[in-house]
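Dear colleague,

I am handing over the structure shown here, together with a summary of what was found in it. Please read the summary with the structure open beside the text.

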Amino acid sequence: MTKAVWHYVDSGKCSPSFNMALDEALLDLHSRGEIGPVLRFYEWEPATLSIGYFQRIEKDIDMEKVKELELGFVRRPTGGRGVLHEHELTYSVIVSEKYPNMPETVTEAYRVISGGLLQGFRNLGLQAEFSIPDQEITAQLRSPKSGVCFDAPSWYELVVEGKKVAGSAQTRQKGVILQHGAILMSLDVDKLTSIFTYSSPALKERVRRTLPDRAIAIDRLTDRKISLEECKQAFSKGFEASLDISLEPLELTPEQLALVHQIEKEKYANDDWNFKK
């Protein structure tokens with residue numbers, strides 16, 4: 001039986017506004033039937049803080065510190081909490097809600113899509129598992145004490161030895177699922193915790209002290225040096241195996257790239273969007 005063909009896009013390092021605009025443009029193009037489902041890998045230049053669609057800057061983010069560290073800043077179209085995109089491989093999956101055997105519920109769709117991540121970690125020789133939050137963690141997710149994404153794993157995110165190693169977020173628009181997330185290559189705990197605000201200095205210190213018990217990066221899981229290129233290979237093969245698909249490179253047309261730049265200008269490079277809450 002012939003495998004379904006998905007598009008493969010490796011964007012390399014892009015600006016925060018372009019990264020989010022490209023994800024949204026791919027969603028739009030897929031919704032119109034101009035392209036098929038997509039697996040995309042990308043990086044960030046400069047290192048960037050992205051925040052969730054519903055996140056409130058004044059409540060969670062120390063913008064002075066973000067500027068001091070010369071970080072990029074962008075609001076995602078997806079939910080979730082703040083992510084420092086620095087030493088990581090970022091992925092996105094764009095696929096119709098009506099795709100064969102795609103569950104209707106957000107949680108179960110996470111499980112199906114994140115199967116590619118699970119297989120990718122195992123391709124690297126790392127024994128990742130899906131997280132199944134207990135009652136305490138579920139309560140934390142409903143009422144988080146910090147704005148840091150990697151402070152707690154949600155349903156079907158990837159953990160190794162109980163520690164979060166990849167964080168994802170999802171949105172559904174125009175009948176299409178967009179799921180994207182960060183695969184940690186390395187983690188600078190002090191830098192990460194410094195760009196968020198906390199209700200007290202004691203809470204900030206607790207998050208800084210306990211984050212290494214909750215999150216871990218690939219470089220802490222193996223003595224072997226794993227490159228970004230090796231990760232891309234491992235995870236692309238992981239998605240192919242998990243979703244039973246074949247990946248073929250996609251090159252956007254000039255008209256499609258113009259759509260990306262239009263979305264970038266009108267939305268993700270615009271303070272009205274990034275600072276709207």
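The paragraphs that follow describe a sheet, its neighbouring helix, the aromatic pairs and the salt bridges.

Please bear in mind throughout that this is a predicted model.

**The sheet and helix α1**

Three strands make up an open sheet, in the order β4-β3-β5 and with mixed pairing. Its edge strands are β4 (72-75) and β5 (83-85), each of which pairs on one side only. On average, and with direction ignored, neighbouring strands of this sheet are turned by 25 degrees against each other. As general background, the strands of a sheet pair through backbone hydrogen bonds, either parallel or antiparallel. Here, strand β3 (residues 48-51) pairs with β5 in the antiparallel sense, over three bridges. The bridge partner of L49 in β5 is L84. Helix α1 (residues 16-31) lies across β3 and β4, and runs at about 30 degrees to β4.

**Aromatic pairs**

The count of aromatic pairs comes to ten. In one of them, the ring centres of Y8 and F41 are 5.9 Å apart; the pair is edge-to-face because the ring planes stand at 75 degrees, and the cut-off for that class is over 60. This pair links distant parts of the chain, with Y8 in strand β1 (residues 4-14) and F41 in strand β2 (residues 38-44), 33 residues apart. F41 has a relative accessible area of 0% and is therefore buried.

A further pair is formed by F121 and F235, whose ring centres lie 5.0 Å apart; with the planes at 90 degrees, this pair is edge-to-face. It also links distant parts of the chain: F121 belongs to helix α4 (residues 106-123) and F235 to helix α8 (residues 228-243), 114 residues apart. F121 and F235 are both buried.

Ring pairs also link Y53, F54, Y268 and W273 into a cluster. One member of that cluster, W273, has K267 lying over its face, at 4.5 Å from the ring centre. In a similar way, R40 lies over the face of Y42, at 3.6 Å from the ring centre.

**Salt bridges**

The structure holds 19 salt bridges. R40, already named for its place over Y42, forms one of them with D23, the closest N and O atoms being 2.7 Å apart. This pair links distant parts of the chain, since D23 is in helix α1 and R40 in strand β2, 17 residues apart. Both D23 and R40 are buried.

Helix α4 contributes another salt bridge, between R111 and E108, with the closest N and O atoms 2.6 Å apart. These two residues are three apart in the helix, so about one helical turn separates R111 from E108. R111 counts as partly exposed because its relative accessibility is 33%, and E108 counts as partly exposed at 27%.

R122 forms a salt bridge with E129, where the closest N and O atoms are 3.2 Å apart. R122 is partly exposed, with a relative accessible area of 32%, and E129 is partly exposed too, with 40%. Finally, salt bridges that share partners join D10, E43, E229 and K232 into one network.

Yours sincerely

Notes: Residues are numbered from 1 along each chain as its sequence is written. This is a predicted model: local features need pLDDT of at least 70, side-chain atom pairs count only at pLDDT 80 or more; totals for chains, interfaces and linings use all residues. Side-chain values use heavy atoms; hydrogens and water are left out. Two strands pair if DSSP finds at least two bridges between them. Helices (H or I, at least four residues) and strands (E, at least two) are DSSP runs, numbered from the N terminus. Axes are lines fitted to C-alpha atoms, for helices over the stretch in contact, and angles run from 0 to 180 degrees between N-to-C directions. Contact means heavy atoms within 4.5 Å. Rings of Phe, Tyr and Trp (its six-membered ring) pair if their centres lie within 6.5 Å; planes under 30 degrees apart count as stacked, over 60 as edge-to-face and the rest as tilted. Buried means under 20% relative accessible area, exposed over 50%, partly exposed in between (1.4 Å probe, protein chains only). A charge sits over a ring if NZ of Lys or CZ of Arg is within 6 Å of the ring centre and within 35 degrees of the ring normal. A salt bridge is a side-chain nitrogen of Lys or Arg within 4 Å of a carboxyl oxygen of Asp or Glu.
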